[in-house]
Amino acid sequence: MGKINTSKFTRRGVLKSIGAGAGVVGASAVAPGLTGFAQAQSSAPIRLGFQVHRTGIGAAYGRWYDRTTQAAVKRINDMGGINGRPVEIITEDDGTDPKRGAEVVEKFATLYNCDIAFGTLFSHVVYGSAPRAGELKLPYFVVSEGHHVASGKLNRYTLQPGITDVKSQVQAMAPFVSDNLGKKITMIYPDFAFGHDHRDFFTAAIEAQGGTVVESIAIPPTETSFTKYFPRIPRETEVIYHVMVGPAVLTFVKELGEFFGPNRPEIFGFIDSLEAVDINSPGLEFLENTYFWEGHPRNAQADQTSYDKVYRAAVGVDDNGASLDDPKDFSTYSHMFGCWETLNIIKAGMEAADYQGPADRTKLIEAVEAMSDMPHSDDHPQGAKRFNGKTHQTFGHQYISKVSNGKLVVEHTTSIEDGLYEDEVDYTTQSF
Amino acid sequence: MEFGPHLMLASLEGAVTAAILALTAMGLSIVFGVMRVVNIAHGEFFMLGAVIAWWVASLLGGHPAIGFVLALVLAPLIVGTLAAVADRFILQRINYDPDRTIVATIGLLYIIQQTTLMTFGPEARPVQPPFNTRLALPWFEYGENGFAMIWPWGLSITSYKLFVIVAAITIITGLWLFLTRSKAGLLMRATQQDSETAQAFGVPVQRVYSWVFGLGAGLAAIGAVLVVPIQQAHYLMGQDPLLLSFIVVIIGGLGSLPGTIIAAILIGMSDGIISVFFSPTLAKIIATLVVAMVLVFRPQGLLGKSEG
């Protein structure tokens, strides 16, 4: 007490040396994780800007796009990254808003120095963002379903290699609808680019099958109450074709059921109307024996492939299509596989182009443009794909499922050829 | 669908809209009438009511009616208390200065909305109705065999939607009795007529203000609890009710309760009918146009008293 400590070992000094030691130990503990990437010329991470609907009307999709992306990137990194470099995801919310989308793309290019941008679903956000990506010469891989890429309205920097577009989907579906359900169809669709794709291409496709669209009902995607639209459904309707998006999809389907009561026509829906929604929610009983398009079967089927098993487990989805952590949290299973597959395509493209940094962006695009058939595999768990390098759009299989006992059971799988159509653009002729 | 049944369906849908709108706009109108506060955060109180209803209903298991009834009691209480606290700590501090209250309630709007986004999340979440039976409605037609009853396709309503209409009428009647027959109502009316004189006669004006602000928010919350089994709770759902409530209150006359009810029925029914026959966008355009016309030709509203 009161004695001055003359020893060289002061308390502060001891703590310092312990801290330094811990630092060395800590560093060596981290190091093994990096050794897998050591052979690369640069071991700096490849930065993928991930544009996601965290908020706004696309939030439910965004949540699952995020989970799928994280799972896919973890798998890629576990396998040694891309060209020996780890992959880093820079996530930014676009608010499901086209204007914000363009700003996000700009941030990726200028603020975060991302190698490429990737993500987003809603077609109006893609329309808003793609021109900016082109101006900034930033490769922009979208997972959106819209016909915007293949229509030629975008640019050489925008590609959609991981998910099929609406035109191809409805063209493949139309024969099933007219052969099995009916020829007089009333369409109900959201009133923006994606819904207009449905209206235009399905109307054309069903007319090619000898059917007619007797009424087209456009509903704003922000609408919350739907009964008022249904009286426009003509009495002669044999099939209701519905596709709806936004926060109120459950209300939409419920009110559709309440409107018809026991005397419903045949119903063919795009699963978009029920993405992230439990098909066994109260009020949806009338959907029993109706049909849905599915991009990727939500319920694990009797003949489930090993690829689907691997993918489902990696993302954390159970056999009903809900989260493993919360059986009430239903996934957007028919769309989110596109993130997984697109990331694997980006990896393959970067490896083919020996991608080293932003200077190689055009080499990456050329490498992806050179791709064609992609086999059904762990990299492509939804099914085989055929990429068209000229139109920057992929083609694949579609699934038609029937609701039986509250489960979506696949009745028909279309072939890749069913969805092919003539090229409307050749992006490879555009200069970079 | 034929014209007759179509019109009937449109009117029923309009009546449901009008019922919810009357409750929500009533809250806005009372607050303006008594406190002269333009509450921009009113729609967020509506949204909070719906979110709390979801929260209560999902915490409780069992029959959906238990959760619903509890939500109908709890949501307005919680939202009302929150509003009263906001009045005490925000609006009183700025002395109800008209410009500053608008800015303050805009701030409140964002605080409530973003807090809900951070906690409740961006998803739309459903609440189960306590009961929901589809009631097919008949239509009478004079045909070859004389007067006949037919059951047109799609002409129906659910028992729950009828309940919403009845519940709204009951609550508004109750509110009417409260304002005209109870002592608390008397204090509120006294404050509305002349707050300085009321204070001179011993009316605790500050406390009345807190109560009124809470009551206004509570009414919005009740409207939301009633609507959430039809719509779903979502953090952005407060925008439409706010806009429509303002339209109703301006048409009805700021602060006039009978005017508010008449305008709510007018706007709700016309919204239902116009959006069924033409388009929902046109319904909103017409409603906004009516507001402009009212402001030009009768600035005090249908039943409002002109100032001066």
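## A walk from strand E6 to the A–B contact

Begin in chain A: select A:Thr186 and look across to E7(A), where the bridge partner of A:Thr186 is A:Glu215. Keep in mind as you go that this is a predicted model.

Next, widen the selection to both strands. E7 of chain A covers residues 212-219, and seven bridges join this strand to E6(A), the two running parallel.

Now add helix H6 of chain A, residues 193-208. Together with E6(A) and E7(A), helix H6(A) makes a right-handed β-α-β unit.

Go back to E6(A) and select A:Ile185. Which residue of E8(A) does A:Ile185 stand opposite? You will find A:Val239 there. Extend the view to the whole of strand E8 in chain A, residues 239-242: E8(A) pairs with E6(A) over four bridges, again in the parallel sense.

Stay a moment longer with E6(A), residues 184-190, and show its surroundings. Why is this strand largely enclosed by the rest of the structure? Six of its seven residues are buried, so the strand is largely enclosed.

For the last stop, show both chains. Here 25 residues of chain B are in contact with 24 residues of chain A. To find the chain B side, select helix H1 (3-35), strand E1 (134-136), strand E4 (156-158) and helix H10 (257-277) of chain B, each of which supplies at least two residues to the side that touches chain A. H1(B) gives the largest share, four residues. Try coloring this side of chain B by residue type: eleven of its residues are nonpolar, eleven are polar and three are charged.

How values were computed: Residues numbered from 1 in each chain as written. Chains lettered and ligands numbered in written order. Predicted model: local features only at pLDDT ≥ 70, side-chain atom pairs only at ≥ 80, totals over all residues. Contact = placed C-beta atoms within 7 Å. Nonpolar A, V, L, I, M, F, W, Y, C, P; charged D, E, K, R; others polar. Buried ≥ 20, exposed ≤ 12 C-beta atoms within 10 Å, placed from the backbone. Pairing = 2+ DSSP bridges. Right-handed = clockwise from strand over helix to strand, strands pointing away.
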